[in-house]
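Visitor: I'm new to this one. Could you walk me through how to read it?

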Amino acid sequence: MIAAFRWTDPPGGAVLVSDRSGWWRDPRILDGLGPALAGLFPGSPTVVVSPEVTGFLIGPLVARAAGAGFVEAYRQGARRPIAEPMTWVEIPADHRGEPQHLGVRTHLIGTHDRVLIVDDWASTGAQSRALSTLIRSLGATVIGTAVIVNECPPSVDDIRGLLDGADL
Ligand SMILES: O=P(O)(O)OC[C@H]1O[C@H](OP(=O)(O)OP(=O)(O)O)[C@H](O)[C@@H]1O
């Protein structure tokens, strides 16, 4: 996975950005991601929840491996309004320092659910923290957050990664 990852220097950009596309491009890595991420936490989730947009790629892979369903967590303002009733949570500042809201269709998560949050990357842990709050507000249990790269200090919530920031 390390060989398939690159830091890129976009034109006019002040900072390097991560190019994770090599992970999805490699059939062996793509095939292994779901089981590897599902294996970070013992126990059987009933549902995987992932934030837009890269989470929509990773989350279903993990759900398949875990025998769970998948629920999208949308970013407010990123698309046309969703017709069904939504439950939203505020993120005061994401890793870019900008506020945002994440929301799920309320009827898709209930008190019987054990939820695994999945994403490609945890930087500050803000999205994981906010999604945990949202899921608990619906009465469900949060198993933890599984990510490919975890840059958060060990003290930040229950986030587990396949790699940490130093690996890249
Ligand atoms: O731990 P945090 O500080 O909350 O940061 C983690 C988030 O940052 C990235 O999202 P990004 O905004 O780059 O969106 P993307 O999925 O569209 O790449 C990544 O996909 C996580 O969702």
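Guide: Start with the record: UniProt, in an unreviewed entry, lists residues 41-150 as "domain: Phosphoribosyltransferase". Such positions are given in the numbering used here, feature names are shortened, and annotations may be inferred rather than shown by experiment. This is a predicted model, where local features need pLDDT of at least 70, side-chain atom pairs count only at pLDDT 80 or more, and totals for chains, interfaces and linings use all residues. Residues are numbered from 1 along each chain as its sequence is written, and side-chain values use heavy atoms, with hydrogens and water left out.

Visitor: Which residues come nearest to the ligand?

Guide: A residue is near a molecule if one of its heavy atoms lies within 4 Å of it. Here 15 residues surround the ligand, and Asp-119, Asp-120, Ser-123, Thr-124 and Gln-127 come nearest.

Visitor: Which element gives the largest share of that shell?

Guide: Helices (H or I, at least four residues) and strands (E, at least two) are DSSP runs, numbered from the N terminus. E7 gives the largest share, four residues. Strand E7 (114-122) and helix H4 (126-137) each supply at least two.

Visitor: What polar contacts does the ligand make through Thr-124 and Arg-75?

Guide: A polar contact is a pair of N or O atoms within 3.5 Å. In the side chain of Thr-124, an N or O atom is 2.5 Å from a ligand oxygen. For Arg-75, a polar side-chain atom lies 3.3 Å from an oxygen of the ligand. Val-53 uses a polar backbone atom, 3.4 Å from a ligand oxygen.

Visitor: Where does Val-53 lie?

Guide: Most peptide bonds are trans. Val-53 is joined to Glu-52 by a cis one, with omega about 5°. Val-53 sits in the loop between strand E3 (47-51) and helix H3 (55-66).

How values were computed
A polar contact is a pair of N or O atoms within 3.5 Å; within protein, one must be able to donate a hydrogen and the other to accept it, and residues adjacent in sequence count only if both atoms are side-chain atoms.
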